[in-house]
Amino acid sequence: MNPKILEINKNIQVYKKEIVDHDLYKNLKSINDIATLMESHVYAVWDFMCLLKALQSILTCTSSPWKPIGDTKVRRLINSIVLEEESDVDQEGWPASHYEMYLDAMKQCGANTTPITNFVNNVKTNNIPSVSSDIDSFIQTTFNVINSGESHKIAAAFTFGR
C-alpha cells in the first residue's frame, strides 16, 4: 500500500478507535434504539453520496457534450465507486443506491423516514434545509469541503472521514 496512505491511517487510528469504542453502541439494546440512531445517521449516508458526486463532477465529465477529462485511472475508479454506491443491487436483486437501501432498512426497523425524505426533496443548490444543530454542523462541514472545489480535500473527507 502507498506509504502516505499507511501514514494517514496510522495518524487517524486513535480517532477511529474512539468511534468504534463509543458508548453509543453499548446503549443500542433494542430495534427501537437502532431505528432512532438510523434517523440521524441517514444524513451521513446522504452526505457521503454528496462527497462522491462532488468528486465525480470534478474528476470526470458529467455534462453534455461529453469529453474525456482527467486521468483515465482516476475516472475509472470514481465511476466504479459511483456505480456501486448509486446503482448497487439489493438483496432481492433490484438496482438501488446504498442510500435507498438504507431507507428500506430504516422502514424495516420502524424508523421514521419522513424527515430525511422531506430534507432530500427540499435540497437545492446552495440551500440545504436545517435539521438540527448537530446534523446541520456535520453537513455544513462537508459542504465547506465540497464548495472548496479542491478534489484532494473532498477525496480525503470521502476516504478517511467516512
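In the predicted model, helix H1 comprises 18 residues, running from residue 3 to residue 20. At 1.5 Å a residue this helix should span 26 Å, and its end C-alpha atoms lie 24 Å apart, so the expected and computed values agree. Helix H1 nevertheless has a bend of about 45°, which is located at isoleucine 12. At the start of H1, the backbone nitrogen of lysine 4 is approached by a side-chain oxygen of asparagine 2, which comes to within 2.6 Å of this nitrogen.

The largest nonpolar core contains 29 residues, and the members that touch the most others are Val42, Tyr43, Trp46, Tyr99, Met106, Ile116 and Ile139. At least two residues of this core come from each of helix H3 (31–59), helix H4 (72–87), helix H5 (98–108), helix H6 (114–122), helix H7 (133–148) and helix H8 (151–160). Of these contributions, that of H3 is the greatest, with 12 residues supplied to the core. In soluble globular proteins, nonpolar side chains tend to be buried together. The surroundings of tyrosine 99 illustrate how individual members of the core are placed: when neighbours within four places in sequence are left aside, tyrosine 99 is in contact with Val42, Val45 and Trp46, and also with Ile116 and Val120.

Two cysteines were examined for their accessibility. Cysteine 50 has a relative accessible area of 16% and is therefore buried, the limit being under 20%. Cysteine 61, with a relative accessibility of 15%, falls below that limit as well and so also counts as buried. A disulfide is a covalent bond between the sulfur atoms of two cysteines, and the structure holds 0 disulfides.

Two further residues, each within a helix, were considered with respect to both accessibility and distance. Leucine 24 is situated in helix H2, which covers residues 23–26, and its relative accessibility of 34% places this residue in the partly exposed class, because that class lies between 20% and 50%. Although leucine 24 and leucine 37 are separated by 13 residues in sequence, the distance between their C-alpha atoms is 9.1 Å. Alanine 155 belongs to helix H8 and, with a relative accessible area of 26%, is likewise partly exposed. Between alanine 155 and proline 65 there is a separation of 90 residues in sequence, and the corresponding distance in space, from C-alpha to C-alpha, is 26 Å.

How values were computed. Residues are numbered from 1 along each chain as its sequence is written. This is a predicted model: local features need pLDDT of at least 70, side-chain atom pairs count only at pLDDT 80 or more; totals for chains, interfaces and linings use all residues. Side-chain values use heavy atoms; hydrogens and water are left out. Helices (H or I, at least four residues) and strands (E, at least two) are DSSP runs, numbered from the N terminus. The expected span of a helix is 1.5 Å times one less than its number of residues. The bend at a residue is the angle between axes fitted to the seven residues ending there and the seven starting there. A polar contact is a pair of N or O atoms within 3.5 Å; within protein, one must be able to donate a hydrogen and the other to accept it, and residues adjacent in sequence count only if both atoms are side-chain atoms. A disulfide is a pair of cysteine sulfur atoms within 2.5 Å. Buried means under 20% relative accessible area, exposed over 50%, partly exposed in between (1.4 Å probe, protein chains only). A nonpolar core is a set of buried Ala, Val, Leu, Ile, Met, Phe, Trp, Tyr and Cys residues joined through side-chain atoms within 4.5 Å. Contact means heavy atoms within 4.5 Å.
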